[in-house]
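Ready for a bit of practice reading a structure? Work through the two exercises below, and try each one yourself before peeking at the solution.

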Amino acid sequence: MGKQGKKQSHLNRQQCRGAKTSSYYEEQDQEYPSTPLASPFEEQNNESQQENSAEEVDENEQNQSNSDVPSKFWLYQQSVQSPKGDVSYLQKFFLMYVGGRMPLHLQEDFCGTALLSVEWLRTDARRTAVGLDFDVDALNWCMENNVNKVGADVSSRLFLFHGNVLQPLEAVLINSVPQDLVRNLSLKDSEDGAVTVPPLGSEGSSETMICNGTMKDTQMPARDIVCAFNYSCCCLHSRKELVLYFKYAHSILSKRGGIFVMDVYGGTSAECELRMQRKFSTFTYVWEQEGFDVIQRKTRISLHFNLQKQHKKIRHAFSYSWRLWSLPEIKDCLDEAGFSSVHFWVRSMPDSEDIKTINGFGIGRDIKYEHVTSFHQQDSWNAYIVGVA
Ligand SMILES: C[S@@+](CC[C@H](N)C(=O)[O-])C[C@H]1O[C@@H](n2cnc3c(N)ncnc32)[C@H](O)[C@@H]1O
(Lines give C-alpha, C1' and ligand atoms only; values in the text may rest on other atoms or scores of the structure.)
Protein backbone atom coordinates (compact mmCIF):
# COMPACT_ATOMS: atom_id res chain seq x y z
CA MET A 1 0.00 0.00 0.00
CA GLY A 2 2.81 2.37 0.94
CA LYS A 3 4.63 1.88 -2.32
CA GLN A 4 1.53 2.43 -4.32
CA GLY A 5 0.82 5.51 -2.29
CA LYS A 6 3.89 7.21 -3.61
CA LYS A 7 3.00 6.48 -7.22
CA GLN A 8 1.56 9.47 -8.96
CA SER A 9 1.94 9.58 -12.69
CA HIS A 10 3.13 12.66 -14.50
CA LEU A 11 0.11 12.24 -16.74
CA ASN A 12 -2.22 12.62 -13.80
CA ARG A 13 -0.55 15.80 -12.64
CA GLN A 14 -0.99 17.23 -16.11
CA GLN A 15 -4.61 16.21 -16.11
CA CYS A 16 -5.30 18.06 -12.91
CA ARG A 17 -3.70 21.18 -14.28
CA GLY A 18 -5.83 20.90 -17.38
CA ALA A 19 -8.94 20.56 -15.27
CA LYS A 20 -8.23 23.80 -13.49
CA THR A 21 -8.40 25.80 -16.64
CA SER A 22 -11.17 24.01 -18.43
CA SER A 23 -13.73 23.20 -15.76
CA TYR A 24 -16.34 25.05 -13.70
CA TYR A 25 -19.91 24.41 -13.47
CA GLU A 26 -21.54 25.26 -16.71
CA GLU A 27 -24.92 23.63 -17.19
CA GLN A 28 -24.43 20.24 -18.69
CA ASP A 29 -26.83 20.13 -21.56
CA GLN A 30 -24.12 19.55 -24.10
CA GLU A 31 -22.71 16.17 -25.11
CA TYR A 32 -20.19 14.68 -22.69
CA PRO A 33 -17.42 17.24 -22.57
CA SER A 34 -14.18 16.09 -24.00
CA THR A 35 -12.14 16.31 -20.82
CA PRO A 36 -8.37 16.33 -20.73
CA LEU A 37 -8.81 12.82 -19.37
CA ALA A 38 -10.60 11.47 -22.41
CA SER A 39 -9.04 8.11 -23.04
CA PRO A 40 -8.17 6.78 -26.43
CA PHE A 41 -9.40 3.30 -25.46
CA GLU A 42 -11.03 1.56 -28.35
CA GLU A 43 -14.14 0.72 -26.36
CA GLN A 44 -14.61 4.34 -25.53
CA ASN A 45 -14.31 5.35 -29.17
CA ASN A 46 -16.98 2.82 -30.07
CA GLU A 47 -19.10 4.19 -27.33
CA SER A 48 -18.81 7.75 -28.53
CA GLN A 49 -19.77 6.68 -32.04
CA GLN A 50 -22.88 5.14 -30.56
CA GLU A 51 -23.51 8.25 -28.51
CA ASN A 52 -24.24 10.28 -31.61
CA SER A 53 -27.02 7.99 -32.71
CA ALA A 54 -28.40 7.10 -29.27
CA GLU A 55 -31.58 8.82 -28.18
CA GLU A 56 -31.18 10.79 -24.99
CA VAL A 57 -33.66 10.33 -22.18
CA ASP A 58 -34.06 13.10 -19.71
CA GLU A 59 -34.06 11.66 -16.20
CA ASN A 60 -37.49 13.15 -15.45
CA GLU A 61 -38.91 11.72 -18.63
CA GLN A 62 -37.33 8.43 -17.74
CA ASN A 63 -39.04 8.48 -14.35
CA GLN A 64 -42.40 8.39 -16.09
CA SER A 65 -41.78 4.71 -16.58
CA ASN A 66 -41.05 3.75 -20.13
CA SER A 67 -41.32 -0.02 -19.85
CA ASP A 68 -38.56 -0.47 -22.43
CA VAL A 69 -36.10 1.55 -20.38
CA PRO A 70 -34.98 0.21 -17.01
CA SER A 71 -35.44 2.49 -14.04
CA LYS A 72 -32.46 4.65 -13.09
CA PHE A 73 -32.78 3.22 -9.58
CA TRP A 74 -32.41 -0.32 -10.88
CA LEU A 75 -29.40 0.71 -12.94
CA TYR A 76 -27.87 2.43 -9.90
CA GLN A 77 -28.34 -0.61 -7.69
CA GLN A 78 -26.75 -2.87 -10.29
CA SER A 79 -23.73 -0.72 -10.97
CA VAL A 80 -22.98 1.31 -7.86
CA GLN A 81 -23.99 -0.64 -4.79
CA SER A 82 -22.57 -3.77 -3.21
CA PRO A 83 -24.71 -4.30 -0.10
CA LYS A 84 -23.31 -7.74 0.78
CA GLY A 85 -19.80 -6.31 1.15
CA ASP A 86 -21.06 -3.37 3.20
CA VAL A 87 -23.07 -5.61 5.54
CA SER A 88 -20.08 -7.85 6.07
CA TYR A 89 -17.85 -4.89 7.00
CA LEU A 90 -20.57 -3.48 9.29
CA GLN A 91 -20.70 -6.75 11.22
CA LYS A 92 -16.95 -7.00 11.39
CA PHE A 93 -16.60 -3.42 12.71
CA PHE A 94 -19.33 -3.94 15.30
CA LEU A 95 -17.80 -7.15 16.63
CA MET A 96 -14.36 -5.58 16.66
CA TYR A 97 -15.21 -2.26 18.36
CA VAL A 98 -18.26 -3.16 20.49
CA GLY A 99 -18.54 -6.95 20.67
CA GLY A 100 -20.35 -9.04 23.26
CA ARG A 101 -23.51 -9.35 21.17
CA MET A 102 -24.59 -9.57 17.55
CA PRO A 103 -25.64 -6.28 15.94
CA LEU A 104 -29.35 -6.46 15.19
CA HIS A 105 -30.63 -2.94 14.68
CA LEU A 106 -29.39 -0.81 11.78
CA GLN A 107 -30.22 2.70 10.66
CA GLU A 108 -29.31 3.48 7.05
CA ASP A 109 -29.28 7.26 6.66
CA PHE A 110 -29.34 8.73 3.12
CA CYS A 111 -30.77 5.31 2.26
CA GLY A 112 -31.97 6.02 -1.31
CA THR A 113 -33.70 2.78 -2.29
CA ALA A 114 -32.68 1.15 1.02
CA LEU A 115 -31.01 -1.78 -0.72
CA LEU A 116 -28.57 -2.16 2.15
CA SER A 117 -31.38 -2.24 4.72
CA VAL A 118 -33.16 -4.98 2.81
CA GLU A 119 -29.96 -7.01 2.60
CA TRP A 120 -29.45 -6.48 6.34
CA LEU A 121 -32.95 -7.78 7.10
CA ARG A 122 -32.73 -10.71 4.69
CA THR A 123 -29.70 -12.18 6.40
CA ASP A 124 -31.05 -12.51 9.97
CA ALA A 125 -34.70 -12.81 11.03
CA ARG A 126 -34.06 -10.97 14.30
CA ARG A 127 -32.87 -7.81 12.61
CA THR A 128 -34.62 -4.47 12.14
CA ALA A 129 -33.66 -1.59 9.87
CA VAL A 130 -34.55 2.08 9.68
CA GLY A 131 -34.09 3.89 6.36
CA LEU A 132 -34.16 7.68 6.00
CA ASP A 133 -33.95 9.76 2.82
CA PHE A 134 -35.54 12.91 1.42
CA ASP A 135 -35.92 11.58 -2.13
CA VAL A 136 -39.53 10.46 -2.31
CA ASP A 137 -39.04 8.86 -5.76
CA ALA A 138 -36.25 6.65 -4.43
CA LEU A 139 -38.36 5.64 -1.43
CA ASN A 140 -41.40 4.86 -3.57
CA TRP A 141 -39.26 2.82 -5.94
CA CYS A 142 -37.84 1.02 -2.92
CA MET A 143 -41.34 0.16 -1.70
CA GLU A 144 -42.44 -1.18 -5.07
CA ASN A 145 -39.29 -2.99 -6.06
CA ASN A 146 -37.19 -3.86 -3.01
CA VAL A 147 -39.71 -4.09 -0.19
CA ASN A 148 -42.73 -5.58 -1.93
CA LYS A 149 -40.57 -8.27 -3.49
CA VAL A 150 -39.28 -9.66 -0.23
CA GLY A 151 -41.62 -11.55 2.07
CA ALA A 152 -43.66 -9.87 4.79
CA ASP A 153 -41.30 -11.39 7.36
CA VAL A 154 -38.57 -9.14 5.95
CA SER A 155 -40.53 -6.04 5.03
CA SER A 156 -42.32 -5.94 8.38
CA ARG A 157 -38.99 -5.26 10.10
CA LEU A 158 -38.22 -2.18 8.01
CA PHE A 159 -39.10 1.37 9.09
CA LEU A 160 -38.81 3.64 6.07
CA PHE A 161 -38.85 7.39 6.64
CA HIS A 162 -39.12 10.32 4.27
CA GLY A 163 -37.23 13.32 5.63
CA ASN A 164 -34.05 15.25 6.09
CA VAL A 165 -31.20 13.81 8.17
CA LEU A 166 -30.77 17.30 9.62
CA GLN A 167 -34.34 17.24 10.98
CA PRO A 168 -34.77 13.51 11.47
CA LEU A 169 -37.47 13.62 14.14
CA GLU A 170 -39.83 15.30 11.65
CA ALA A 171 -39.29 12.54 9.06
CA VAL A 172 -42.50 10.72 8.13
CA LEU A 173 -42.92 6.95 8.25
CA ILE A 174 -44.04 5.77 4.82
CA ASN A 175 -44.55 2.07 5.33
CA SER A 176 -46.50 -0.05 7.76
CA VAL A 177 -44.89 -1.99 10.54
CA PRO A 178 -46.94 -4.56 12.49
CA GLN A 179 -47.73 -3.18 15.91
CA ASP A 180 -46.99 -6.41 17.76
CA LEU A 181 -43.46 -6.45 16.34
CA VAL A 182 -42.86 -2.92 17.54
CA ARG A 183 -44.27 -3.69 20.97
CA ASN A 184 -42.14 -6.82 21.36
CA LEU A 185 -39.01 -5.10 20.22
CA SER A 186 -39.48 -2.11 22.42
CA LEU A 187 -40.31 -4.16 25.51
CA LYS A 188 -37.21 -6.25 24.99
CA ASP A 189 -35.05 -3.19 24.50
CA SER A 190 -36.60 -1.40 27.47
CA GLU A 191 -35.21 -4.13 29.71
CA ASP A 192 -31.76 -3.14 28.45
CA GLY A 193 -32.55 0.53 28.82
CA ALA A 194 -32.08 0.90 25.09
CA VAL A 195 -35.22 2.61 23.83
CA THR A 196 -34.43 6.10 22.69
CA VAL A 197 -37.59 7.32 21.02
CA PRO A 198 -40.66 8.50 22.97
CA PRO A 199 -43.55 6.01 23.21
CA LEU A 200 -46.42 5.96 20.77
CA GLY A 201 -49.51 7.99 21.40
CA SER A 202 -53.02 6.53 21.59
CA GLU A 203 -53.05 5.91 17.82
CA GLY A 204 -50.57 3.09 18.48
CA SER A 205 -53.37 0.68 19.31
CA SER A 206 -54.14 -0.14 15.66
CA GLU A 207 -53.03 -3.34 13.95
CA THR A 208 -50.37 -1.66 11.87
CA MET A 209 -47.97 1.12 12.60
CA ILE A 210 -49.36 4.58 12.03
CA CYS A 211 -48.68 5.70 8.50
CA ASN A 212 -47.69 9.34 8.39
CA GLY A 213 -46.41 9.14 11.95
CA THR A 214 -43.15 10.97 12.38
CA MET A 215 -39.90 9.54 13.65
CA LYS A 216 -40.34 11.23 16.99
CA ASP A 217 -43.69 9.43 17.46
CA THR A 218 -42.35 6.08 16.42
CA GLN A 219 -41.09 3.58 18.91
CA MET A 220 -38.04 1.75 17.63
CA PRO A 221 -35.16 -0.17 19.17
CA ALA A 222 -31.96 1.77 19.78
CA ARG A 223 -29.59 1.22 16.91
CA ASP A 224 -26.48 -0.93 17.09
CA ILE A 225 -25.17 0.57 13.87
CA VAL A 226 -25.92 3.79 11.99
CA CYS A 227 -24.45 4.10 8.50
CA ALA A 228 -24.24 6.66 5.70
CA PHE A 229 -22.87 5.10 2.52
CA ASN A 230 -21.80 5.96 -0.98
CA TYR A 231 -20.27 9.24 0.10
CA SER A 232 -23.60 10.58 1.33
CA CYS A 233 -22.06 12.78 4.04
CA CYS A 234 -20.54 14.81 1.19
CA CYS A 235 -24.12 16.03 0.56
CA LEU A 236 -23.72 18.03 3.79
CA HIS A 237 -21.73 21.09 2.88
CA SER A 238 -20.96 22.87 6.14
CA ARG A 239 -19.09 21.71 9.21
CA LYS A 240 -22.05 22.79 11.33
CA GLU A 241 -24.37 20.46 9.40
CA LEU A 242 -21.91 17.60 9.58
CA VAL A 243 -21.53 17.90 13.36
CA LEU A 244 -25.30 18.24 13.79
CA TYR A 245 -25.85 15.08 11.78
CA PHE A 246 -23.13 13.17 13.68
CA LYS A 247 -24.68 14.23 17.00
CA TYR A 248 -27.99 12.82 15.87
CA ALA A 249 -26.34 9.54 14.77
CA HIS A 250 -24.61 9.33 18.15
CA SER A 251 -27.87 9.96 20.02
CA ILE A 252 -29.73 7.01 18.50
CA LEU A 253 -27.03 4.42 19.18
CA SER A 254 -27.63 1.89 21.90
CA LYS A 255 -26.37 2.73 25.37
CA ARG A 256 -24.91 -0.76 25.36
CA GLY A 257 -22.50 0.34 22.63
CA GLY A 258 -22.84 1.10 18.96
CA ILE A 259 -20.99 2.37 15.92
CA PHE A 260 -21.48 4.93 13.18
CA VAL A 261 -19.96 4.00 9.81
CA MET A 262 -19.62 6.21 6.74
CA ASP A 263 -17.49 6.11 3.62
CA VAL A 264 -15.60 8.68 1.61
CA TYR A 265 -13.29 8.66 -1.39
CA GLY A 266 -10.18 10.65 -2.16
CA GLY A 267 -6.81 10.76 -3.89
CA THR A 268 -5.26 13.04 -6.46
CA SER A 269 -7.76 11.90 -9.08
CA ALA A 270 -10.63 13.03 -6.82
CA GLU A 271 -9.52 16.62 -7.16
CA CYS A 272 -9.70 17.12 -10.91
CA GLU A 273 -12.03 16.45 -13.81
CA LEU A 274 -12.57 12.80 -14.43
CA ARG A 275 -14.79 10.56 -16.48
CA MET A 276 -14.84 6.82 -15.96
CA GLN A 277 -17.09 4.11 -17.20
CA ARG A 278 -18.00 0.60 -16.30
CA LYS A 279 -19.40 -1.73 -18.86
CA PHE A 280 -22.08 -4.18 -17.84
CA SER A 281 -23.77 -6.69 -20.13
CA THR A 282 -26.71 -4.46 -21.05
CA PHE A 283 -25.57 -0.97 -20.15
CA THR A 284 -22.61 1.26 -19.42
CA TYR A 285 -22.39 3.29 -16.24
CA VAL A 286 -20.55 6.61 -16.48
CA TRP A 287 -19.14 8.56 -13.53
CA GLU A 288 -18.48 12.15 -14.52
CA GLN A 289 -16.63 14.40 -12.10
CA GLU A 290 -16.44 18.11 -12.73
CA GLY A 291 -13.51 20.32 -11.81
CA PHE A 292 -12.64 20.51 -8.13
CA ASP A 293 -12.92 23.81 -6.29
CA VAL A 294 -9.92 23.81 -3.95
CA ILE A 295 -11.25 26.70 -1.85
CA GLN A 296 -14.64 25.19 -1.08
CA ARG A 297 -13.51 21.58 -1.64
CA LYS A 298 -16.58 21.02 -3.76
CA THR A 299 -17.26 19.15 -6.96
CA ARG A 300 -20.28 18.00 -8.93
CA ILE A 301 -20.71 14.34 -9.74
CA SER A 302 -23.10 13.12 -12.43
CA LEU A 303 -24.00 9.54 -13.12
CA HIS A 304 -25.12 8.64 -16.64
CA PHE A 305 -26.30 5.34 -18.06
CA ASN A 306 -25.97 4.30 -21.70
CA LEU A 307 -28.33 1.49 -22.62
CA GLN A 308 -26.96 -0.69 -25.39
CA LYS A 309 -30.05 -2.53 -26.52
CA GLN A 310 -32.37 0.47 -26.44
CA HIS A 311 -29.78 2.84 -27.95
CA LYS A 312 -30.69 5.29 -25.26
CA LYS A 313 -28.75 7.32 -22.77
CA ILE A 314 -30.03 8.46 -19.41
CA ARG A 315 -27.88 11.47 -18.79
CA HIS A 316 -27.60 12.99 -15.33
CA ALA A 317 -29.64 10.15 -13.90
CA PHE A 318 -28.14 11.28 -10.61
CA SER A 319 -26.31 14.47 -9.94
CA TYR A 320 -24.72 15.48 -6.66
CA SER A 321 -23.04 18.60 -5.39
CA TRP A 322 -20.46 17.27 -2.99
CA ARG A 323 -18.21 18.78 -0.37
CA LEU A 324 -15.27 16.40 -0.28
CA TRP A 325 -14.51 16.03 3.43
CA SER A 326 -10.97 15.07 4.37
CA LEU A 327 -10.34 12.26 6.84
CA PRO A 328 -9.03 14.53 9.64
CA GLU A 329 -12.02 16.88 9.19
CA ILE A 330 -14.38 13.95 9.61
CA LYS A 331 -12.54 12.72 12.70
CA ASP A 332 -12.64 16.19 14.20
CA CYS A 333 -16.42 16.42 13.70
CA LEU A 334 -17.02 12.91 15.08
CA ASP A 335 -14.96 13.79 18.15
CA GLU A 336 -17.00 16.94 18.64
CA ALA A 337 -20.24 14.98 18.28
CA GLY A 338 -19.24 12.77 21.20
CA PHE A 339 -17.78 9.61 19.64
CA SER A 340 -15.16 8.10 21.90
CA SER A 341 -12.87 6.82 19.16
CA VAL A 342 -12.60 7.03 15.37
CA HIS A 343 -10.99 4.44 13.08
CA PHE A 344 -10.02 4.57 9.42
CA TRP A 345 -10.20 1.59 7.09
CA VAL A 346 -8.74 2.40 3.69
CA ARG A 347 -8.28 0.57 0.41
CA SER A 348 -6.16 1.74 -2.49
CA MET A 349 -8.00 1.78 -5.76
CA PRO A 350 -6.45 1.10 -9.15
CA ASP A 351 -5.09 4.23 -10.83
CA SER A 352 -7.90 6.09 -12.54
CA GLU A 353 -5.83 6.04 -15.73
CA ASP A 354 -6.01 2.25 -15.74
CA ILE A 355 -9.72 2.04 -15.02
CA LYS A 356 -11.16 4.63 -17.37
CA THR A 357 -13.11 1.79 -18.91
CA ILE A 358 -13.58 -1.42 -17.01
CA ASN A 359 -15.84 -4.38 -17.33
CA GLY A 360 -18.29 -4.78 -14.47
CA PHE A 361 -16.83 -4.01 -11.08
CA GLY A 362 -13.32 -4.89 -12.24
CA ILE A 363 -10.73 -5.67 -9.63
CA GLY A 364 -11.57 -2.71 -7.40
CA ARG A 365 -14.41 -4.48 -5.65
CA ASP A 366 -12.20 -7.29 -4.37
CA ILE A 367 -9.54 -5.09 -2.81
CA LYS A 368 -9.74 -5.35 0.95
CA TYR A 369 -9.92 -2.42 3.37
CA GLU A 370 -7.14 -2.21 5.93
CA HIS A 371 -7.08 -0.48 9.26
CA VAL A 372 -4.61 2.42 9.01
CA THR A 373 -3.36 5.22 11.19
CA SER A 374 -1.28 6.74 8.41
CA PHE A 375 -1.79 6.55 4.65
CA HIS A 376 0.21 8.21 1.88
CA GLN A 377 -1.69 10.06 -0.79
CA GLN A 378 -2.20 8.26 -4.06
CA ASP A 379 -4.29 8.42 -7.19
CA SER A 380 -7.44 6.94 -5.74
CA TRP A 381 -8.63 5.45 -2.47
CA ASN A 382 -11.81 4.63 -0.60
CA ALA A 383 -12.28 4.68 3.15
CA TYR A 384 -14.72 3.50 5.76
CA ILE A 385 -14.70 5.71 8.85
CA VAL A 386 -15.94 4.10 12.04
CA GLY A 387 -17.02 6.23 14.98
CA VAL A 388 -17.44 4.25 18.22
CA ALA A 389 -20.01 5.69 20.61
C1 LIG B 1 -25.07 9.24 -3.02
S2 LIG B 1 -26.72 8.82 -2.68
C3 LIG B 1 -26.46 7.38 -1.69
C4 LIG B 1 -27.62 6.43 -1.69
C5 LIG B 1 -27.37 5.13 -0.92
N6 LIG B 1 -27.08 5.40 0.48
C7 LIG B 1 -26.24 4.32 -1.48
O8 LIG B 1 -25.49 3.74 -0.71
O9 LIG B 1 -26.11 4.21 -2.69
C10 LIG B 1 -27.15 10.07 -1.52
C11 LIG B 1 -28.57 9.97 -1.01
O12 LIG B 1 -28.71 10.91 0.05
C13 LIG B 1 -29.98 11.54 -0.05
N14 LIG B 1 -29.83 12.82 0.69
C15 LIG B 1 -28.98 13.84 0.42
N16 LIG B 1 -29.07 14.78 1.36
C17 LIG B 1 -29.98 14.35 2.26
C18 LIG B 1 -30.52 14.90 3.46
N19 LIG B 1 -30.11 16.08 3.93
N20 LIG B 1 -31.45 14.18 4.13
C21 LIG B 1 -31.88 13.00 3.65
N22 LIG B 1 -31.41 12.42 2.53
C23 LIG B 1 -30.48 13.10 1.83
C24 LIG B 1 -30.25 11.62 -1.53
O25 LIG B 1 -31.63 11.73 -1.79
C26 LIG B 1 -29.65 10.31 -2.02
O27 LIG B 1 -30.61 9.28 -2.02
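**Exercise 1.** Find how the side chain of Tyr76 meets the ligand, then describe the rest of the ligand's surroundings.

*Solution.* Keep in mind that this is a predicted model.

Step 1: Start at Tyr76, where an N or O atom of the side chain sits 2.5 Å from an oxygen atom of the ligand.

Step 2: Look for other polar neighbours. Phe110 uses its backbone here: one of its N or O atoms is 2.6 Å from a ligand nitrogen atom. Asn230 brings a polar side-chain atom to 3.0 Å from an oxygen atom of the ligand.

Step 3: Check how well the ligand is covered. On its own it has 590 Å² of accessible area, and the protein covers 92% of that.

Step 4: Widen the view to the whole shell. There are 17 residues around the ligand, with Asp133 and Asn164 also among the closest. Sorted by class, nine are nonpolar, six polar and two charged.

**Exercise 2.** Work out which residues of helix H12 (residues 327-337) are buried, and how they are arranged.

*Solution.* Step 1: List the buried ones: Leu327, Ile330, Cys333, Leu334 and Ala337.

Step 2: Ask where they point. Their arc around the axis spans only 130°, so they lie on the same side of H12. Recall that an α-helix has 3.6 residues a turn, so residues three or four places apart point the same way.

Step 3: See what lies over them. The cover includes helix H11 (239-251) and strands S7 (259-266), S12 (341-348) and S15 (381-388).

Step 4: Step off the end of the helix. Just after H12 comes Gly338, with a positive phi of about 110°.

Methods:
Residues are numbered from 1 along each chain as its sequence is written. This is a predicted model: local features need pLDDT of at least 70, side-chain atom pairs count only at pLDDT 80 or more; totals for chains, interfaces and linings use all residues. Side-chain values use heavy atoms; hydrogens and water are left out. A residue is near a molecule or strand if one of its heavy atoms lies within 4 Å of it. A polar contact is a pair of N or O atoms within 3.5 Å; within protein, one must be able to donate a hydrogen and the other to accept it, and residues adjacent in sequence count only if both atoms are side-chain atoms. Accessible areas come from the Shrake-Rupley method with a 1.4 Å probe; for residues, only the protein chains shown count as cover. Ala, Val, Leu, Ile, Met, Phe, Trp, Tyr, Cys and Pro count as nonpolar, Asp, Glu, Lys and Arg as charged, and the others, Gly among them, as polar. Buried means under 20% relative accessible area, exposed over 50%, partly exposed in between (1.4 Å probe, protein chains only). Helices (H or I, at least four residues) and strands (E, at least two) are DSSP runs, numbered from the N terminus. The arc is that of the directions from the helix axis to the C-beta atoms. Contact means heavy atoms within 4.5 Å.
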